[in-house]
Amino acid sequence: MTTRYRVEYALKTHRRDQLIEWIKGLLAVPFVLHSQPTAVYQEHSKKLTEVALDTHQRYAEIFRDVEGLMDDHIEHELSGAAGKSKLKLLVPTVGSFFTRVYLKDAFKYQDQQRFISRRRFVAPSFNDIRLILNSAQLLGLVHARGLELVTFDGDVTLYDDGTNMTPDNAAIPRIIRLLQQDIKVGIVTAAGYTEEAKYYERLKGLLDVMHDSQDLTDQQRSGLIVMGGESNYLFRYDASSPHKLIYVPREKWMIGEMATWKEEDITELLNIAESSLRACVANLNLPVSVLRKDRAVGVYPQNKGRLSREQLEETVLVVQNTVERSQVGTRLPFCAFNGGNDVFVDIGDKSWGVRACQQYFGGIDPARTLHVGDQFLSAGANDFKARLASTTAWIASPAETVQLLDELASIQKSLP
């Protein structure tokens with residue numbers, strides 16, 4: 001009963017990525033034809049090695065062909081006919097690719113790490129393809145020699161959910177390595193605070209290590225910024241501040257369109273969202289408190305309790321649908337997301353946050369930007385919209401972020 005429930009639940013549209021699911025379907029045929037699920041005592045037979053090599057070749061050919069479709073999709077977008085590419089017809093939800101996507105080379109790399117071709121009982125999975133796409137986009141950025149900005153989500157990306165960044169965090173030396181290369185770094189988080197102290201508490205380990213580092217110049221330290229509330233509050237590194245951060249007024253970083261967001265529209269949208277949240281609280285009997293901020297509203301559990309995944313996602317989908325159907329929801333961008341144990345609605349979203357970071361550093365191009373985050377599902381995930389503003393990497397834990405940054409460094413070293 002549980003297994004059937006979980007399978008059916010995972011097939012819901014808001015729990016799927018259509019491009020990844022489509023690639024999984026393409027790989028299913030060679031897996032079935034070449035998997036050879038023979039007895040365990042034949043595990044090291046010469047036949048299995050030959051089958052693995054053949055399977056690797058078949059998978060590589062599929063990734064080569066999909067790479068070709070992505071190249072064609074990019075060409076159609078550049079010519080102003082994005083909706084007419086073959087890939088768009090096959091996967092209607094596919095978005096933009098800001099660089100070439102080296103899928104075949106990425107598959108070969110990940111196959112060496114995960115031994116995908118040698119598996120006989122487990123077909124290429126969602127996570128296999130997610131990591132291959134990450135590698136493919138890193139290759140695209142490095143081959144173009146264009147990486148100028150890396151933005152990160154906070155919880156589950158740089159540190160575990162609900163915790164803070166401590167000095168022993170493995171991502172810190174990798175972030176410092178980026179700054180040493182004069183690559184700008186932005187932390188684009190849903191945490192919506194107006195005071196530097198709150199962000200310092202979250203990022204204390206990173207900020208203190210940066211302050212004490214002998215390997216960074218003052219110019220390189222100034223390459224770190226924090227964008228809070230998705231796209232609402234910007235702070236820059238400042239060694240003279242007791243919290244190592246200083247608030248940057250909106251007029252110094254706002255994208256032009258942000259200036260058209262009216263305060264009365266913001267209030268109206270948050271009123272609608274709050275009303276919908278309270279209706280969900282009553283309907284689902286949720287043991288939560290409602291928190292209203294100047295540019296966000298949300299619910300969080302009382303007494304450090306836990307909400308179930310189903311409760312969180314039901315609340316997100318109800319609120320998102322309600323706000324989308326309102327008039328103000330059609331003219332003002334917003335983000336309704338599942339924070340792991342809370343639900344919030346923010347004005348703006350991470351596409352605006354990443355664009356604002358690009359603007360702050362002088363107008364960095366999307367093709368020279370990488371956003372790293374853990375929430376890329378189509379609903380209730382606040383990193384999803386970042387795909388509109390930059391190349392993205394979808395990770396599942398802080399450990400994967402470290403692996404991704406090490407992979408980036410390895411690719412950089414391998415090129416002349």
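Two strands are said to pair if DSSP finds at least two bridges between them, and helices (H or I, at least four residues) and strands (E, at least two) are DSSP runs numbered from the N terminus. By that rule, β3 and strand β4 (residues 233-237) pair in the antiparallel sense over four bridges. The model is predicted, with local features needing pLDDT of at least 70 and side-chain atom pairs counting only at pLDDT 80 or more, while totals for chains, interfaces and linings use all residues. Residues are numbered from 1 along each chain as its sequence is written, and side-chain values use heavy atoms, with hydrogens and water left out.

**Strand β3 and its partners**

- Five of the five residues of strand β3 (residues 224-228) are buried, so the strand is largely enclosed by the rest of the structure; here buried means under 20% relative accessible area, exposed means over 50%, and partly exposed lies in between (1.4 Å probe, protein chains only).
- Cover is found on both faces of β3, since Leu224, Val226 and Gly228 on one side are buried, as are Ile225 and Met227 on the other.
- Strand β2 (residues 184-188) runs parallel to β3 and is joined to it by four bridges, and within this pairing glycine 186 has isoleucine 225 of β3 as its bridge partner.
- On the antiparallel side, valine 226 has phenylalanine 235 of β4 as its bridge partner.
- The hairpin of β3 and β4 has four residues between the strands, and in this hairpin glycine 229 takes a positive phi near 60 degrees.

**Salt bridges**

- The structure holds 26 salt bridges, where a salt bridge is a side-chain nitrogen of Lys or Arg within 4 Å of a carboxyl oxygen of Asp or Glu.
- Aspartate 54 and arginine 58 form one such salt bridge through their side chains, at 3.6 Å from N to O; because the two residues are four residues apart in helix α3 (residues 46-78), about one helical turn separates them.
- Both members of that pair are described by their accessibility: aspartate 54 is partly exposed at a relative accessible area of 29%, and arginine 58 is partly exposed at 35%.
- Arginine 100 and aspartate 71 also form a salt bridge, with their closest N and O atoms 2.9 Å apart; arginine 100 lies in the loop between α4 (86-90) and α5 (103-114) and aspartate 71 in helix α3, so the pair ties together parts that are 29 residues apart in sequence.
- Arginine 100 counts as partly exposed at 35% relative accessibility, and aspartate 71 is partly exposed with a relative accessible area of 21%.
- A network of salt bridges links Glu67, Asp71 and Arg100.
- Glutamate 268 and arginine 331 meet through their side chains in a salt bridge of 3.7 Å, N to O; this pair links distant parts of the chain, with glutamate 268 in helix α10 (residues 263-284) and arginine 331 in helix α12 (residues 327-331), 63 residues apart.
- Glutamate 268 counts as partly exposed at 35% relative accessibility, and arginine 331 is likewise partly exposed, with a relative accessible area of 46%.

**Glutamine 137**

- Glutamine 137 lies in helix α6 (residues 126-143) and is buried, with a relative accessible area of 14%.
- Leaving aside residues up to four places away in sequence, glutamine 137 touches Thr99, Val101, Thr391 and Thr392, where contact means heavy atoms within 4.5 Å.
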